[in-house]
Every structure is written in C-alpha cells, then in structure tokens.
Amino acid sequence: YDDLFSLDLIKKISTDLEKRELGRSKVQYKLRDWIFSRQRYWGEPIPLVHCPVDGVVPVPEKDLPVLLPDVEKYEPTGTGKSPLAGIKEWVNVRCPRCGKPAKRETNTMPQWAGSCWYYIRFTDPGNEKALASDQAMKNWLPVDLYVGGAEHAVLHLMYARFWHMALYDSGALPKEIGDEPFMKLNNQGLILGPDGEKMSKSRGNVINPDDIVEKYGADTLRMYEMFMGPFEDAKPWNTSGIIGVRRFLDRVEHFYRTPNFIPSGDEKGEDESGKLEVLSHKTIALVTSDIEGFKFNTAVSTLMKFMNGLEALKRVDDKKIWKSSLEAFLKILNPFAPHISEELWAQLGHKTLLAKEAWPKFDPKKIVEENVTIAIQVNGRLRATIEVATGTSQAEIEKRALAVENVKKYVTDTPKKVIFVQDRLINFIV
C-alpha cells in the first residue's frame, strides 16, 4: 500500500479485506436531526392538507404559494397547537383529491425555507415565471463573499449549501454557476461588553447603539467598530476608544472648515508639496489594500496618520496637489464616515454625491521614498540604525553597518551568516 493516496488506499484495503472475507466496506452517516417545521404563525405555510379519507395530500401546484392569513391576532392557541390551528376560515378546506372536508397543515417552515435561497432570488426579484432567469444567475452567481458570524457557518451557510446543491442537481440552476453558492467566507468576531464577556441583558453589559449614535454620532460608531481590532477577532467595547475616534473626526471637520487652510504662511519654509503628494498616494494605496483584505482597523489607523501628516505641513505651494490630496482623503474616508465626508465634500464646492465618485488611484512610483532606515541587528538584537537611499545594495549596507561603533564591538570576526532584507534590515549572525 506504499505511495498510495488516502482515498485510493481506503478502496484497495477494503477490496482486499472483502476478498479475504475479513470485512466489508460500509458507508455510515451521522446527521443531526433538522427540525424543519415550527408551531408558530410566522413562516412559510407547509403546502399539505390532512384528509380523513386520502390522508396527507399535497396542495396542487396551481394553488401555490399558500399564503398566511391576514388576521389581527395570531396568539398561541393554548392547546399546544400552532396559532394557525385557531384560524378556522384558513385551516378548514376541501381535500384537493376527493373534495371532502379537510384541514391544512398548521405548522410553518422555519426561516431556512426562505433564507437558504434568497441570494438566488435577489438576482432577479421581479421574475414571475421562474426562480430567476438563467442569464441573471449567470451574471451574479456564485456569490463572491459571504460574511457572517461563526454560528452562521454551522447553520445558515451549511443549509444554504444543501439547498443550492439540490437545486443545482435538479437542473433549476444553470451549470455555469457551479454547485457551490459562495466563493469565500469571512467570519466577523463578536463585539463583547466592556467586561470582556458576551453581551447579554442578564449580565447588564449590553451597549445600546442608539445611545451611542445620539451621543457621538453614527459616523463615530461606524468608524469605531472598524477600528476596534481585527475583523475576525472578538473585541471588548471600550468607551475611551470611541471618544478617541470622535476626536479624530472633530479634527477632520475643523481642518476642512477652517477658512484659507492652505499652509503657506511660512514664506521662508521649504515647499512641502512633494511630501504631501507622497503621503497622499501612500495613504490611498494602504487604505485600498486594507479594505480589500478586511483589515479595517489598520485602514482607520492609516487615515489618522494622514491627518497627522496634513496638520504637520508648513508650506504647500502646489495648489493642484493640495486640492487632489484633500479630495482623495475624503473619498477613502467615505466608507468609514459617510455623513461627515459628504458634508465636507460639499464644503469643497462639489454638487455631486461623494459616494458616486470613482475610487482614487495611486501612482506606485510616487510612494517609493528616497531614503529608508535600515535596522542593524547582531544575532537578532537591534544594535543600531542607518539611513540609506532606497535600493542600496547589500554589500554597501554591510560596509556601512560594520563601521558603526555599536556594531563593531559585537562583530569582532567574520560573521557566520548575514541575513539581509532589502530596504528594511541586516542581521549579522556571530
């Protein structure tokens, strides 16, 4: 059995054992029972009729869908039966087969019956002749990205895959879209209470988002949730953190609303237009990459660093670079703080909605800095740093690094090994 892959190995061993009459292959399933019916008013009615003569009879296709009755009261009956059982004008019907008095099935389907295929219907919601047109499904499916909590991966996601595969196998879905409904899954982490525990009324640690919006604004809440930590991690609520985000947005608003805010007062100072252009392009590149990678917390951090750099500028003579940098910043701020960015966009004189603007592009050539700081390590410990031109060769950096006093005293002989990372570090192993 050497060199066989696992599946081939299983087949060969099973075949050999059967030939020797020492065993036989068997497929064994372990499935958790899935309760599909519910005793409640809300939910899709199960299209069955219970007839005393013909037994359980399906509702004819021409009478589908079976709709819930439009009633004022749908409280439980008190008998253990579904609330629908108490609505006589709905439950009492004629048997579709023999025409004699019968009763509808009063249990309803759970939310899985609709939520497991809603993404398919969304591709063509106005279609009255089919689930969705083949062309619409080919255009939109499969879904690029599924975002949900970990519990969704066990429940809704798994059931949606069951439904999709059944519809695919039955020919209801075009073959081109494949038998998997979603291309990628991202689980978001829970937001915990300030005590680090899962929010619950019994613990008294629930944060009401309405209260936060009223006190700090919707943009602050939205941006703070992105800033709390990695998307997939559980994160405790921290009131001081939300105050910090609010202060940042206040700084942004104050900066843009200040009249004549172009920093050109220091006539003797050096023109920093080039520095602003590099900062702007680098910020666009980092935020774009972080959004695509669901690294929203580091994207917000980059936005904050841009604001720090903007406020530190002393003089900018190139008005074109100034204007484009300020506009680009609002565009990349918009997904995180849509309300304030839209207002400031209008403040700059624009009549169109910022949300409809194209995402800003960056020039890779303009985000390469002229000089970089190289960390000099000896056996992995930092001993010094030097500043060199971007792209400086390893040989040149080795020469300069070994001339540094605090490095020379640790590297007294030829290093056993040199680890070099371009434009970042050099590490001498001695």
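This is a dialogue on reading a sheet, the cysteines and a surface patch in a predicted model.

Trainee: In what order do the strands of the sheet lie, and how are they paired?

Mentor: Strands of a sheet pair through backbone hydrogen bonds, either parallel or antiparallel. Here four strands make an open sheet, ordered β2-β1-β4-β3, with antiparallel pairing. The edges are β2 (55–58) and β3 (92–94); each has a single partner strand, so one side of each is left without a neighbour in the sheet. On average, neighbouring strands are turned by 40° against each other, direction ignored.

Trainee: How many bridges join β1 to β4?

Mentor: Two bridges join β1 (residues 48–51) to β4 (residues 101–104), and these strands run antiparallel. His50 is found opposite Lys103 in β4.

Trainee: How many disulfides are there?

Mentor: A disulfide is a covalent bond between the sulfur atoms of two cysteines. The count for this model is zero. Cys51 has its nearest cysteine sulfur, that of Cys95, 3.6 Å away; the cut-off is 2.5 Å, so Cys51 is in no disulfide.

Trainee: Is Cys51 buried or exposed?

Mentor: Cys51 is buried, at a relative accessible area of 7%. Cys116 is buried as well, with a value of 0%.

Trainee: Which residues form the nonpolar patch on the surface?

Mentor: The patch consists of Tyr1, Leu4, Ile13, Leu17 and Leu22, which together have about 450 Å² of accessible area. Ile13 is part of helix α1 (residues 6–19). Its relative accessible area is 31%, so Ile13 counts as partly exposed.

Technical notes:
Residues are numbered from 1 along each chain as its sequence is written. This is a predicted model: local features need pLDDT of at least 70, side-chain atom pairs count only at pLDDT 80 or more; totals for chains, interfaces and linings use all residues. Side-chain values use heavy atoms; hydrogens and water are left out. Two strands pair if DSSP finds at least two bridges between them. Axes are lines fitted to C-alpha atoms, for helices over the stretch in contact, and angles run from 0 to 180 degrees between N-to-C directions. Buried means under 20% relative accessible area, exposed over 50%, partly exposed in between (1.4 Å probe, protein chains only). Patches are made of residues with over 30% relative accessible area and no salt bridge: like charges are joined within 9 Å, nonpolar side chains (Val, Leu, Ile, Met, Phe, Trp, Tyr) within 5 Å. Accessible areas come from the Shrake-Rupley method with a 1.4 Å probe; for residues, only the protein chains shown count as cover. A salt bridge is a side-chain nitrogen of Lys or Arg within 4 Å of a carboxyl oxygen of Asp or Glu.
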